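Here is a walk through one model, from its overall layout down to single side chains. Have the coordinates open in your viewer and follow along.

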Amino acid sequence: MSAKHASETPAGKTKKFGKGERQIPHHSQKAKKYYPAEDEVKPRKVRKTIHPAKPRATLQPGTILILLAGRFRGKRVVLLKHLPQGILLVTGPFKVNGVPLRRVNARYVIATSAKVELKGIDSETVEKVGGEGYFAREKKEEKKGEEAFFKQGDTPEKKPVASARASDQKAVDKALLSNIKSEPHLLEYLRSSFSLRKGDRPHEMKW
């Protein structure tokens, strides 16, 4: 503490209590008696840095993957493109095993040694499907009142597939199907589902 700052600070008083002395600070130096009723929330310092996702070497476009989670777990799909944050764009194709164009997490797939050539696929459609907002859900209009109350127990209406999505699916799968049919036994391989049985050892399997 500098000499100037020490001189500006008001001095306290010294009081005697019996044989001892006690230094009483100046009223300006005493602790405040008012405290806020709620704790003041301080913003937390985020020290983590977001690094771009690095795809595995086995996850190359055209590789046949096995899905390990989700609605289509156990299905074999074809990898089309890498998306940001470790997401993959895949397709069944839909006519082969019923898996449409969808995004999957790279952590929940097994890459196999089988591959499909992607020549002839409409790259513009793949770019459009992989863009932001393509898979965004439409906001539903919430029904209020008696009508909404009485429809609580009813089975939800099946959402119709958008014609734009159906046309995009056909555009991608058209060239892909011709490439698959040119390879022997590849169509049957994609149609079959993967599952483990008692006694199977996944760590000894050759994918």
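From the N terminus on, the order of elements in the protein chain is α-β-β-β-β-β-α-β-β-α-α-α-α. That gives 6 helices and 7 strands, where helices (H or I, at least four residues) and strands (E, at least two) are DSSP runs numbered from the N terminus. A word on the ground rules: this is a predicted model, in which local features need pLDDT of at least 70 and side-chain atom pairs count only at pLDDT 80 or more, while totals for chains, interfaces and linings use all residues. Residues are numbered from 1 along each chain as its sequence is written, and side-chain values use heavy atoms, with hydrogens and water left out.

**The chain as a whole**

Of the 207 residues in the protein chain, 26% are buried; buried means under 20% relative accessible area, exposed over 50%, and partly exposed in between (1.4 Å probe, protein chains only). The chain exposes about 17700 Å², and carbon and sulfur atoms supply 52% of that area. These areas come from the Shrake-Rupley method with a 1.4 Å probe, and for residues only the protein chains shown count as cover. Contact means heavy atoms within 4.5 Å. Among contacts between residues at least 6 apart in sequence, 57% join residues at least 24 apart.

**The sheet**

Five strands form an open sheet in the order β6-β5-β4-β3-β7, with antiparallel pairing. Because β6 and β7 stand at the edges with a single partner strand each, one side of each is left without a neighbour in the sheet. From one strand to the next, the twist averages 50°; axes are lines fitted to C-alpha atoms, for helices over the stretch in contact, and angles run from 0 to 180 degrees between N-to-C directions. Strands count as paired if DSSP finds at least two bridges between them. Strand β3 (residues 63-67) and strand β4 (residues 76-83) run antiparallel and are joined by 3 bridges. Ile64 has Val78 as its bridge partner in β4.

**Nonpolar cores**

A nonpolar core here is a set of buried Ala, Val, Leu, Ile, Met, Phe, Trp, Tyr and Cys residues joined through side-chain atoms within 4.5 Å. The largest one has 21 residues, and Leu89, Val116, Ile121 and Ile180 have the most contacts inside it. Elements giving two or more residues to this core are β4, α3 (123-129), α5 (163-182) and α6 (186-191). The largest share, 5 residues, comes from α5. A second, separate core of 13 residues includes Leu65, Val77, Val99 and Val109. Back in the largest core, Val116 touches Gly62, Ile64, Val78, Leu176, Asn179, Ile180 and Leu186, leaving aside neighbours within four places in sequence.

**Two strand residues up close**

Thr112 lies in strand β7 (residues 109-115) and is buried, with a relative accessible area of 7%. Beyond residues up to four places away in sequence, Thr112 touches Thr63, Ile64, Ile66, Tyr189 and Trp207. Lys81 sits in strand β4, and with neighbours within four places in sequence set aside, Lys81 is in contact with Ile87, Leu88, Leu89, Val126 and Glu127.

Both side chains appear in the table of polar contacts. A polar contact is a pair of N or O atoms within 3.5 Å; within protein, one must be able to donate a hydrogen and the other to accept it, and residues adjacent in sequence count only if both atoms are side-chain atoms.

| Side chain | Partner | Distance |
|---|---|---|
| Thr112 | backbone oxygen of Ile64 | 2.5 Å |
| Thr112 | backbone nitrogen of Ala114 | 3.5 Å |
| Lys81 | side chain of Glu127 | 3.0 Å |

**Loops and backbone geometry**

Most residues other than glycine have a negative phi, and most peptide bonds are trans. With that in mind, some spots deserve a look. Gln85, in the loop between β4 and β5, has a positive phi near 65° and counts as exposed at 74% relative accessibility. His185, in the loop between α5 and α6, also has a positive phi near 65°; His185 is exposed, with a relative accessible area of 67%.

A cis peptide bond joins Gly92 and Pro93, with omega about -5°. Pro93 belongs to the loop between β5 (87-91) and α2 (94-97).

Finally, Arg107 is placed in the loop between β6 (102-105) and β7 and is exposed, with a relative accessible area of 74%. Arg107 and Leu68 are 39 residues apart in sequence, and their C-alpha atoms are 8.9 Å apart in space.
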